[in-house]
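Visitor: I would like a close look at a single part of this model, followed by an account of how the rest is arranged around it. Please keep to what the coordinates show.

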Amino acid sequence: MSKQQIVRRHTPRSIAALEAPIVMLTAYTAPMARLLDPHCDMLLVGDSLGMVVYGMDSTLAVSLDMMVAHGQAVVRGSQKACVVVDLPFGSYQESPQQAFRSAAEIMARTGAGGVKLEGGQEMAETIQFLVERGIPVMGHIGLKPQAVHAHGGFRTVGRGDEAEQVLRDALAVEQAGAFSVVIESTLEPLSRAITEKLSIPTIGIGASPACDGQVLVVDDMLGITATPPRFVKTFASLGADIEQAAAEYAQAVRTRAFPTAKECVGMPTEQAADKP
């Protein structure tokens, strides 16, 4: 009898030790997690689900319960990847204690490997508070979608004096104990310089090929999103395929070409042939 192969799930510690570039994608459902899991080191249950799944204009209205529900689904649908769940807007900014309660709820109810929060120097105390209490934290600097209004929209970060602040944010996140940090929509030379300075892995999204890993929103990467950010490369055109499949299904139903006898339960072939 052959021994069943044991699949070991990545942890924040094993992710930090990877030598090859880290592969990360977002996932929001169990079926998608199941498809992505063999190919990804990390799966991010991003609060981007507010826009991708629920059609919101931003991530600001995403709730903790929503993150927990989708986190549970992704953990159930995966075996190998380290699952990280975003702390949603308003669930951690008030105080380190609030952040701990939110993060502890996510960790306990989902079984995720860690949480992600946005912010640099201003969140260093909170990151340290969580890490000291056993919660692995991934940081997020550069463009911070939860602060989109303060940023003046979704834009590239790191021009002029802003570059020094982004670098200070990166160093503060590392010093606070984060196991990795996402750098989003930040000028390439700055993203490269941050990666060279930090000892923890950097995960780029619209940042630099020099980052220690890359992440994309899966719907953007698969060509489902109507207007993905300009830094996205689409690796499929599933949006067009889905639309075409829906059109063919609608035509088949309207012309009564579907269902046929083989798609019906207990319907004799002869009876099916007699139906108009």
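Does Gly46 count as buried or exposed?

Guide: Gly46 counts as buried, because its relative accessibility is 1% and the cut-off for buried is under 20%. This is a predicted model, and what follows should be read with that in mind.

Gly46 sits in a loop, with strand 2 (42–45) on one side of that loop and helix 3 (49–52) on the other. If residues up to four places away in sequence are not counted, Gly46 touches Tyr28, Met67 and Asp86. There is also a C-alpha separation to report: Gly46 and His70 are 24 residues apart along the chain, and their C-alpha atoms are separated by 9.3 Å.

From here the view can be widened to the whole protein. Its secondary structure comes to twelve helices and eight strands. Taken along the principal axes, the C-alpha atoms fill a box of roughly 75 × 50 × 35 Å. The protein has 276 residues, of which 48% count as buried. Among contacts between residues at least 6 apart in sequence, 57% join residues at least 24 apart. The exposed area is about 14500 Å², and carbon and sulfur atoms supply 54% of it.

The interior comes next. The largest nonpolar core has 72 residues, and Met42, Leu43 and Ile194 are those with the most contacts inside it. Helix 8 (residues 162–176) gives the largest share of this core, with seven residues. Ile194 can be followed further: leaving aside its neighbours within four places in sequence, it is in contact with Ile141, Val166, Leu167, Ala170 and Ile183.

Several strand pairings can be traced one after another. Strand 6 (residues 180–184) pairs with strand 7 in the parallel sense, over four bridges. In that pairing Val182 stands opposite Ile203 of strand 7. Strand 7 (residues 202–205) also runs parallel to strand 8, and two bridges join them. Here Gly204 stands opposite Gln214 in strand 8. Strand 8 (residues 213–216) in turn pairs with strand 1 (residues 22–26), again in the parallel sense and over four bridges. Gln214 appears in this pairing too, with Val23 standing opposite it.

Strand 7 deserves a separate word on its two faces. In a regular strand the side chains alternate between the two faces of the sheet. Both faces of strand 7 are covered: Thr202 and Gly204 are buried on one side, and Ile203 and Ile205 are buried on the other. Thr202, which is found in strand 7, has a relative accessible area of 0% and is therefore buried. Apart from neighbours within four places in sequence, Thr202 is in contact with Val181, Ile183, Thr195, Cys211, Asp212 and Gly213. Ile183 is thus a contact of Thr202 and also a contact of Ile194.

Some backbone details remain. Ser185 is not a glycine, yet it has a positive phi of about 45°. Its place is in the loop between strand 6 and helix 9 (188–197). Ser185 counts as buried, because its relative accessibility is 7%. Arg256 also has a positive phi, of about 60°, although it is not a glycine. Arg256 is found in the loop between helix 11 and helix 12, and its relative accessibility of 65% means that it counts as exposed. Pro259 has its place in the loop between helix 11 and helix 12 (269–274) as well. The peptide bond from Phe258 to Pro259 is cis, with omega near 0°.

Helix 11 leads on to the surface. This helix spans residues 238–254 and contains Ile242. Ile242 has a relative accessible area of 51%, so it is exposed; the cut-off is over 50%. Together with Ile224 and Leu238, Ile242 forms a nonpolar patch on the surface, and the three have about 230 Å² of accessible area together.

To return to the starting point, Gly46 is a buried residue in the loop between strand 2 and helix 3, with Tyr28, Met67 and Asp86 among the residues it touches. Met42 and Leu43, which are among the residues with the most contacts inside the largest nonpolar core, fall within the 42–45 range of strand 2.

Note on methods:
Residues are numbered from 1 along each chain as its sequence is written. This is a predicted model: local features need pLDDT of at least 70, side-chain atom pairs count only at pLDDT 80 or more; totals for chains, interfaces and linings use all residues. Side-chain values use heavy atoms; hydrogens and water are left out. A nonpolar core is a set of buried Ala, Val, Leu, Ile, Met, Phe, Trp, Tyr and Cys residues joined through side-chain atoms within 4.5 Å. Buried means under 20% relative accessible area, exposed over 50%, partly exposed in between (1.4 Å probe, protein chains only). Contact means heavy atoms within 4.5 Å. Patches are made of residues with over 30% relative accessible area and no salt bridge: like charges are joined within 9 Å, nonpolar side chains (Val, Leu, Ile, Met, Phe, Trp, Tyr) within 5 Å. Accessible areas come from the Shrake-Rupley method with a 1.4 Å probe; for residues, only the protein chains shown count as cover. A salt bridge is a side-chain nitrogen of Lys or Arg within 4 Å of a carboxyl oxygen of Asp or Glu. Two strands pair if DSSP finds at least two bridges between them.
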